[in-house]
Amino acid sequence: FTGDLYSRGTKNIMPSIEFLGQLAKDFCVLYIPGNHEHGTDKLPLTMEKLRQYGVNVLSNNSMEMDINGQSVVAVGADIWQQKGIEQLEEELKALKNRPGFKLFLCHYPEDYEKYKQYDFDLMLAGHAHGGQIALPFIGAIFAPGQGFFPKYDRGFFDYTPALEVSRGLG
């Protein structure tokens, strides 16, 4: 889950947290915060509760897992934590020496350009919401962080490394 679990104005964050917690009972759920969580005073509580529910919270760190006998390494970016940027870059550099599938979670799809130099297989992103302004048959006209006619508004980009930009569920 690549952030924006709730909006800045959300009063009751627990339904969103509990939803990810329910998923975590049956699936390996990874979470990084987005700008909406960072725009509130609820982020520390969010991260604490998600961890209590068994969600893997990543914040400029990595974790290794085994999925059906395949080694998977996930690195999660939390670029609002400026002091953690160096730690994030160290984690990304270390991917070169790690075996298996390498997953990078980053809230901002436009940061793909900055991070594509690292040795990951797939970057998962959100933030663009399919375009804040989108028209049928044309697509996104505007997306946050990318401006008009965004390059990374939604969907799968078959690049090396690959990029998947989620529109989100809400």
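The following exchange goes through helix packing, empty space and backbone details in a predicted model.

Mentor: Local features in this predicted model need pLDDT of at least 70 and side-chain atom pairs count only at pLDDT 80 or more, while totals for chains, interfaces and linings use all residues. Residues are numbered from 1 along each chain as its sequence is written, and side-chain values use heavy atoms, with hydrogens and water left out.

Trainee: Is helix 1 roughly parallel or roughly antiparallel to helix 3?

Mentor: Helix 1 covers residues 14-26 and helix 3 residues 43-52, and they pack at an angle of about 30 degrees with their axes 9 Å apart; such axes are lines fitted to C-alpha atoms over the stretch in contact, with angles running from 0 to 180 degrees between N-to-C directions. Since angles under 35 degrees count as roughly parallel, over 145 as roughly antiparallel, 65 to 115 as roughly perpendicular and the rest as oblique, helix 1 is, relative to helix 3, roughly parallel.

Trainee: Which residues in helix 3 are met by helix 1?

Mentor: Contact here means heavy atoms within 4.5 Å. From helix 1, Met14, Ile17 and Leu20 take part, and the residues that they meet in helix 3 are Thr46, Lys49 and Leu50.

Trainee: Which element supplies the largest share of the lining of the largest pocket?

Mentor: On a 1 Å grid over the protein atoms alone, a pocket is an open set of points with protein on both sides within 12 Å along at least five of seven lines, a cavity is a set where a 1.4 Å probe fits but cannot get out, and lining residues have an atom within 4 Å of a point. The largest pocket has a volume of about 810 Å³, and of its 34 lining residues the closest to its centre are Phe1, Thr2, Gly3, Ser166 and Gly168. Helix 1, strand 3 (61-67), strand 5 (101-105) and strand 6 (122-125) each supply at least two lining residues, and the largest share, four residues, comes from helix 1.

Trainee: What volume does the largest cavity have?

Mentor: The count comes to one cavity of 30 Å³ or more, and the lining of the largest cavity includes Pro33, His38, Trp80 and Tyr108. A volume is the space filled by probe spheres set on the grid points, which are joined across faces, edges and corners, and for the largest cavity this value is about 50 Å³.

Trainee: Where is Pro161 found?

Mentor: The peptide bond from Thr160 to Pro161 is cis, with omega near -5 degrees. Pro161 itself is found in the loop between strand 10 (155-157) and strand 11 (162-165).
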